[in-house]
Amino acid sequence: MEKKGSSSKMNIAIIHPDLGIGGAERLVVDAAMELASLGHKVHIFTAHHDKNRCFEETLSGVFDVTVYGAFLPRHIFYRLHAVCAYLRCMFVALSLLLMWPSFDVILADQVSVVIPLLKLKKSAKVVFYCHFPDLLLAQHTTALRRIYRKPIDFLEEITTGMADLILVNSRFTASTFAKTFKNLDARGIKPAVLYPAVNVDQFEKPNVTKLNFLSINRFERKKNIELAISAFAMLCTHGMHDRQGVNIDDVSLTVAGKFIQECRSNLEELKKVGRKKKGVSQRVRFKLHLALCRKKCMLAQCLCVLYTPKDEHFGIVPLEAMAAYKPVIACNSGGPVESVKHGVTGFLCDPSPREFSLAMANLIQDPHMAEKMGLDAHEHVTESFSTKIFGQHLNRYLVDVARGKKE
């Protein structure tokens, strides 16, 4: 039998709950595409794959997609989402276990409860990608919710620790992992960091740049979008009077992102904040249901991207912005600290309107700085966060863990 090395080809299975459109799905699809490009045979197993609402690559035939358990409910009267997700993923894992031959490596993410089942397939190593501990993302706001989540949270830690290799999306998430799963950390179980990536080839160097600041995020309270509006208002009312050659009326803010019904109340509050800010309400625009082509157009034309979440575990938006030759102003915490180079590809600021507005004023006052930062940003992402680099790092992890199985 050929010894597995960096050039060996493997049979790889990927298990993902719902192959729709989102950040986790983008990472899974990037993983499948890059691994396939390196000669591995890749097969994604999922409980849901809507061919009318998915990434195009899942239909390309570069890798196989098989659906098991689509008949199982995703919720019960809009409740018990976690339990239903667990059951659906367990059904997928059991189907893989019973109906498919051996794999060299099985890569799972989001739902760790499948790991004990996958470990029954003795021929395969199991790798788990932890985007962020689910127990920290789930709500524990009421006594009933805490009772409901307790066994789920307990299972998450126990089953996550059973993986042959654990990957996380940033050093920040790795530190959070250690603080959250204290028993695993005490046992010496340390996750490795594999940063998400962005396809840099989809962005071209822009020809036209407007004095527009752009915020892209879901309209959720935790994304702290109000910070962008407040910083823009402060910029316009206090920081622009003495800027020679800049017409205040030419400066604008676009707040764009994915909208879901659960975010309606927060969106209305954000619009009220914009209306209350004297002299800026007409220059704050909201864009909902952002299509990819429209997002790329807005990135090409903006001066800078504002990324406002605090303690974000990674954040793909800063990568997209920098790949599109745009500097980023982000909070000096969480994942952006690892992706944005302060003073080179953007600014890392305290999450206050004043700090953000000062950084915004610097870019308006010196357009050449914004252009230079944009060029450096694109180069930085190409060298450290491109899908090619992501694929190389993931391949090394999987080859090493598979080789360990054989040896």
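## Leu 80 and a nonpolar patch

Leu 80 has a relative accessible area of 35%, so Leu 80 is partly exposed. That label fits because partly exposed covers the range between 20% and 50%. As you explore, keep in mind that this is a predicted model.

Where along the chain should you look for Leu 80? Look in the loop that runs between strand β3 (64-67) and helix α2 (81-99). Leu 80 also belongs to a group: together with Ile 76, Phe 77, Val 83 and Leu 87, Leu 80 forms a nonpolar patch on the surface. The accessible area of these residues together is about 490 Å².

## The chain as a whole

Let's step back and take in the whole protein chain. The chain has 407 residues, and 53% of them are buried. Its secondary structure includes 15 helices and 13 strands.

The protein chain exposes about 19600 Å², with carbon and sulfur atoms supplying 53% of that area. Now think about which parts of the chain meet. If you take the contacts between residues at least 6 apart in sequence, 69% of them join residues at least 24 apart.

## A positive patch

Which residues form a positive surface patch? They are Lys 210, Arg 285, Lys 287 and Arg 294.

Let's pick out one of these, Arg 294. You will find Arg 294 in helix α10, which spans residues 292-301. Its relative accessibility is 38%, so Arg 294 counts as partly exposed.

## Asp 30, a buried residue

Is Asp 30 buried or exposed? Asp 30 counts as buried because its relative accessibility is 9%, and the cut-off for buried is under 20%.

Asp 30 sits in helix α1, made up of residues 23-37. Setting aside residues up to four places away in sequence, Asp 30 touches Ala 197, Thr 387 and Phe 390.

## Lys 205 and its partners

Our last stop is Lys 205, in the loop between strands β7 (192-193) and β8 (212-216). With a relative accessibility of 48%, Lys 205 counts as partly exposed.

What does Lys 205 contact, leaving aside neighbours within four places in sequence? The partners are Tyr 325 and Leu 375. You can also find Ala 323 in the model: Lys 205 and Ala 323 are 118 residues apart along the chain, while their C-alpha atoms are separated by 9.3 Å.

Conventions. Residues are numbered from 1 along each chain as its sequence is written. This is a predicted model: local features need pLDDT of at least 70, side-chain atom pairs count only at pLDDT 80 or more; totals for chains, interfaces and linings use all residues. Side-chain values use heavy atoms; hydrogens and water are left out. Patches are made of residues with over 30% relative accessible area and no salt bridge: like charges are joined within 9 Å, nonpolar side chains (Val, Leu, Ile, Met, Phe, Trp, Tyr) within 5 Å. Accessible areas come from the Shrake-Rupley method with a 1.4 Å probe; for residues, only the protein chains shown count as cover. A salt bridge is a side-chain nitrogen of Lys or Arg within 4 Å of a carboxyl oxygen of Asp or Glu. Lys and Arg count as positive and Asp and Glu as negative; His and the chain ends are not counted. The place of a charge is taken as NZ of Lys, CZ of Arg, CG of Asp or CD of Glu. Helices (H or I, at least four residues) and strands (E, at least two) are DSSP runs, numbered from the N terminus. Buried means under 20% relative accessible area, exposed over 50%, partly exposed in between (1.4 Å probe, protein chains only). Contact means heavy atoms within 4.5 Å.
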